[in-house]
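Thanks for coming. I have one structure to go through today, and I will keep to what can be read from the model. Please have a look at it first.

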Amino acid sequence: MEVKQTGIEGLVEIFPSVLEDSRGWFYEFYREDLFAKHGIQDKFVQENKSFSKKGVVRGLHMQVAPHAQTKLVSVFQGTILDVTIDLRAGSPTFGKVYYCLLEARRNNMLLVPEGFAHGFSALEDAVFFYKCTHHYHRESEIGVRWNDPQLNINWQINDPILSEKDQHLPTLEELLRKSVISRY
């Protein structure tokens with residue numbers, strides 16, 4: 001397993017060791033002892049799987065304390081552009097956007113720590129899979145508008161397909177002004 005640092009503390013890209021032969025391939029998606037060797041000691045309590053058609057944008061979502069989630073995200077089919085924003089109070093990279101191309105053919109994953117807003121765009125029809133450290137808790141969920149002009153995210157999609165909820169999320173500035181999140 002290879003773990004690539006992203007330049008944002010705690011946010012890492014993971015490439016599992018894939019064993020291939022004439023029958024196909026095999027890899028361990030998650031193995032607690034190998035992750036712990038790389039300093040990843042999160043306990044995952046929920047797994048989710050979704051399908052998104054090409055052109056869908058989902059996010060940017062997160063849960064706040066005490067139900068904040070670390071997520072281990074990947075795709076089992078297709079390709080997505082995964083997007084995270086560091087919203088941790090006091091973080092030197094607060095507000096920084098990070099892009100990661102997750103591709104089923106590469107089996108790569110992204111570990112998204114608590115305090116990050118997360119979303120993705122489906123560049124192909126995609127099956128998205130993720131593990132979470134806390135259960136979904138509707139009252140703790142917040143989000144940032146996908147097209148926030150301050151963040152200027154390039155989703156690599158021209159006319160995104162969005163949920164009603166995602167179309168009406170607040171901007172980062174609105175969240176800060178209402179003290180939902182804090183820079184410090």
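I will go through the two sheets, then the cores, and then the annotated positions.

A word of caution before that: this is a predicted model, and the values I quote are computed from it.

Let me begin with the sheet that holds the N-terminal strands. It is an open sheet of 6 strands, in the order β1-β2-β10-β7-β12-β5, and the pairing is antiparallel. What stands at the edges? Those places go to β1, residues 2–5, and β5, residues 46–52. Each of the two has a single partner strand, so one side of each has no neighbour in the sheet. From one strand to the next, the twist averages 25°.

We can walk across part of this sheet. β1 is joined to β2, residues 12–15, by 4 bridges, and the two run antiparallel. One residue pair to find on the screen is E2 in β1 with its bridge partner F15 in β2. The next step, from β2 to β10, has 3 bridges and is again antiparallel. Here I14 has M109 of β10 as its bridge partner. On the far side of that, β7, residues 71–77, is joined to β10 by 4 bridges, also running antiparallel, and V73 is bridged to L110.

β10 itself, residues 109–112, is worth a pause. In general, side chains in a regular strand alternate between the two faces of the sheet. In β10 both faces are covered: M109 and L111 are buried on one side, L110 and V112 on the other.

Back to F15 for a moment, since it sits in β2. Is F15 buried or exposed? Its relative accessible area is 19%, and the cut-off for buried is under 20%, so F15 counts as buried. Leaving out residues up to four places away in sequence, F15 touches M1, E2, K4, R106 and N108. As for distances, F15 and G115 are 100 residues apart in sequence, and their C-alpha atoms are 23 Å apart in space.

Now the other sheet. This one is open too, with 5 strands in the order β9-β8-β11-β6-β13 and antiparallel pairing. Its edge strands are β9, residues 97–103, and β13, residues 141–143, each of which pairs on one side only. Ignoring direction, neighbouring strands here are turned by 30° against each other on average.

Within this sheet, β8 pairs with β11, residues 116–122, over 7 bridges in the antiparallel sense. T84 is in β8, and its bridge partner in β11 is H118. T84 has 0% relative accessibility and counts as buried. Beyond its neighbours within four places in sequence, T84 is in contact with L11, K96, V97, Y98, L110, V112, F116, A117 and H118. Two of those names, L110 and V112, you have already heard as buried residues of β10.

Next, the cores. The largest nonpolar core has 22 residues, and the members that touch the most others are L60, I85, L87, V144, I153, L172 and I181. The elements giving two or more residues to it are β6 (57–63), β8 (79–86) and α3 (172–177). Taking L87 as an example, and setting aside neighbours within four places, its contacts are M62, F94, G115, F116, A117, V144, L172 and I181. Apart from this core lies another, of 15 residues, including I8, V75, V112 and A126.

Last, the annotated positions. Which residues carry the "active site" feature in UniProt? The record, an unreviewed entry, places it at H61 and Y130. They span 70 residues in sequence, but their C-alpha atoms are no more than 13.5 Å apart, so they gather at one spot.

H61 is part of the lining of the largest cavity. This residue is found in β6 and is buried, with a relative accessible area of 18%. Not counting close sequence neighbours, up to four places away, H61 touches K71, F116, A117, H118, E141, I142, G143, K165, D166 and L169.

Y130 lies in β12, residues 126–132. With neighbours within four places left aside, Y130 is in contact with Q46, E47, N48, K71, L72 and V73. K71 is listed among the contacts of H61 and also among those of Y130.

That is where I will stop.

Key: Residues numbered from 1 in each chain as written. Predicted model: local features only at pLDDT ≥ 70, side-chain atom pairs only at ≥ 80, totals over all residues. Heavy atoms only, no water. Core = buried A, V, L, I, M, F, W, Y, C linked by side-chain atoms within 4.5 Å. Buried < 20%, exposed > 50% of the residue type's maximum accessible area, 1.4 Å probe, protein only. Contact = heavy atoms within 4.5 Å. Pairing = 2+ DSSP bridges. Axes fitted to C-alpha atoms, helices over the stretch in contact; angles between N-to-C directions. UniProt positions renumbered as here; feature names shortened; annotations may be inferred. 1 Å grid on protein atoms, 1.4 Å probe; cavity = no way out; pocket = protein on both sides within 12 Å on 5 of 7 lines; lining within 4 Å.
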